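Me: I have a chain open on my screen and would like to talk through how it is put together. Could you take me through it?

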Amino acid sequence: MPHAMSKPTQIFDTDIHQSFPAGVLSKHLPAYFRESHFRLPPGIASSPVGVSRHDARPANGGSAGSDYDLLREQHLDAFGITYGLLTGGVLALGVHPDIDFGNAYATAYNDAVQEFWLPKDKRFFASLVINPNDPVHAASEIRKRGGDIRIAEVLFCSATRNPLGHRSYWPIYEAACEMNLPVSVHPGTEGRGISNGFIAGPPTTYLEWHTNLSQNYMGQVTSLVLSGVFEKFPTMKFVAKEGGLGWIPGVLWRLDKNWKALRSTVPFLKRPPSEYVIEHVRHTSQPVEEPEKKEHFFQLLDMIHADRTLMFSSDYPHWDNDSPAHALPNLPEELTERIYWKNADEVYRFTERAAKIS
């Protein structure tokens, strides 16, 4: 049942899509890729209103999220954001057929974030973007940069060529665990480039594409668990950004039911699959489902153990971004604290990291 409104004492935003002014990222690309005009794979469906808010575009005509002063005014200061995790918008590099370009673009992006964005505000932390199609290069990038106190996670696309339990990705998980970084994925590449696409086939409209993103998350989380990733890497945390929440209970129930009859096929699992998900997988709040009956939403939060697994995210400055003031109303006080900052602090160690920034 609804509770009295509770305002969080802190807000840790786990998904802010900053971009760059023209030329800031491209100057870090090798001359061949820059001069050859290599491009990231386009999407297969377009939003009729565009991806980003029009009011988040700076007056000089740059892209939304590229102007620090505007981002600070509209989001950080307007809502009292304590810390914000920068997630950019270049994840299509992970579904590009040219692996060398994907590697170069990831490196250029990471260089640009450290040069342009992190010095602007101590509230910012960065995602380390990697190319999952070259796990050796990705692992090297993680070990090279992962010790930076401002780097809080490893990030790549949610729609990969192979399901994420595939052993080809294990060098990424090994390096991330060594550097004590969570592994995070974000949608946007479903149906693009060399991605695994959608189970039902290519969507016709953006509405269909946007609705069916959770399909991919069901498959990826199931793959991670049933391939034994969390047994192999017991300290690993996996963050499923923008994957929705409504699918989680059904998948967990189905996993546990089937495991009871088919556990001989996964002899390396020592516990019911749902226990691995609850312990190792974290979810971000945007875009959150909106049931007609509020009590159903509170039941959903209970089913997914939101007090442990759910972290607030705004998705600023995208068209459907969530205001911290209105996204998750009427939560009890302790659950408000858990979702808006405590769960994220356990995963990303923002408070600990901030204390070490000079």
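**Contacts and overall fold**

Reply: Let us begin with the contacts in this predicted model: of those in the chain with a separation of 6 or more, 82% are between residues 24 or more positions apart.

Me: OK, and how many helices and strands does the chain have?

Reply: The chain has 14 helices and eight strands. Its radius of gyration is 20 Å, close to the 21 Å that the globule rule gives for 358 residues, so the chain is as compact as a globular protein of that length. The C-alpha trace spans about 55 × 45 × 45 Å along its principal axes, and buried residues make up 56% of the 358 residues.

Me: In what order do the strands sit in the sheet?

Reply: The eight strands form an open sheet in the order E1-E2-E3-E4-E5-E6-E7-E8, with parallel pairing. The edge strands are E1 and E8 (310-311), each of which pairs on one side only.

Me: Let's look at E3, then. Is that strand buried or exposed?

Reply: Six of the six residues of E3 (residues 124-129) are buried, so the strand is largely enclosed by the rest of the structure. Phe 124, Ala 126 and Leu 128 point one way from E3, while Phe 125, Ser 127 and Val 129 point the other way, and all are buried.

Me: Why would they split like that between the two faces?

Reply: In a regular strand the side chains alternate between the two faces of the sheet.

Me: Which residues stand opposite those of E3?

Reply: On one side, strand E2 (residues 83-86) and E3 pair in the parallel sense over three bridges, and Leu 85 stands opposite Phe 125. E3 also pairs with strand E4 (residues 151-157), again in the parallel sense, over four bridges; here Ser 127 has Glu 153 as its bridge partner, and Leu 128 stands opposite Val 154. Between E3 and E4 the chain crosses through helix H4 (residues 135-145), and this β-α-β crossover is right-handed.

Me: Phe 125 has come up twice now. What lies over its face?

Reply: Arg 150 lies over the face of Phe 125, at 5.9 Å from the ring centre. Phe 125 also belongs to a cluster in which ring pairs link it with Phe 12, Tyr 83, Trp 341, Tyr 348 and Phe 350. Elsewhere, the charged end of Arg 271 sits over the ring of Tyr 276, 4.4 Å from its centre.

Me: How many aromatic pairs are there?

Reply: The count comes to 24 aromatic pairs. One of these is Phe 20 with Tyr 109, an edge-to-face pair at 5.8 Å centre to centre with 80° between the planes. Phe 20 lies in the loop between strand E1 (12-16) and helix H1 (31-35), and Tyr 109 in helix H3 (residues 99-117), so the pair ties together parts that are 89 residues apart in sequence. Both Phe 20 and Tyr 109 are buried.

Me: Changing topic to E7: which of its residues are buried, and on which side?

Reply: Both faces of E7 (residues 281-284) are covered, with Val 281 and His 283 buried on one side and Arg 282 and Thr 284 buried on the other. Strand E6 (residues 238-240) runs parallel to E7 and is joined to it by three bridges, with Val 239 opposite Arg 282. Two bridges join E7 to E8, which also run parallel, and there His 283 stands opposite Leu 310.

Definitions and conventions. Residues numbered from 1 in each chain as written. Predicted model: local features only at pLDDT ≥ 70, side-chain atom pairs only at ≥ 80, totals over all residues. Heavy atoms only, no water. Buried < 20%, exposed > 50% of the residue type's maximum accessible area, 1.4 Å probe, protein only. Pairing = 2+ DSSP bridges. Right-handed = clockwise from strand over helix to strand, strands pointing away. Phe/Tyr/Trp six-rings, centres within 6.5 Å; stacked < 30°, edge-to-face > 60°. Lys NZ or Arg CZ within 6 Å of the ring centre and 35° of its normal. Rg over C-alpha atoms; globule rule 2.2 N^0.38 Å. Contact = heavy atoms within 4.5 Å.
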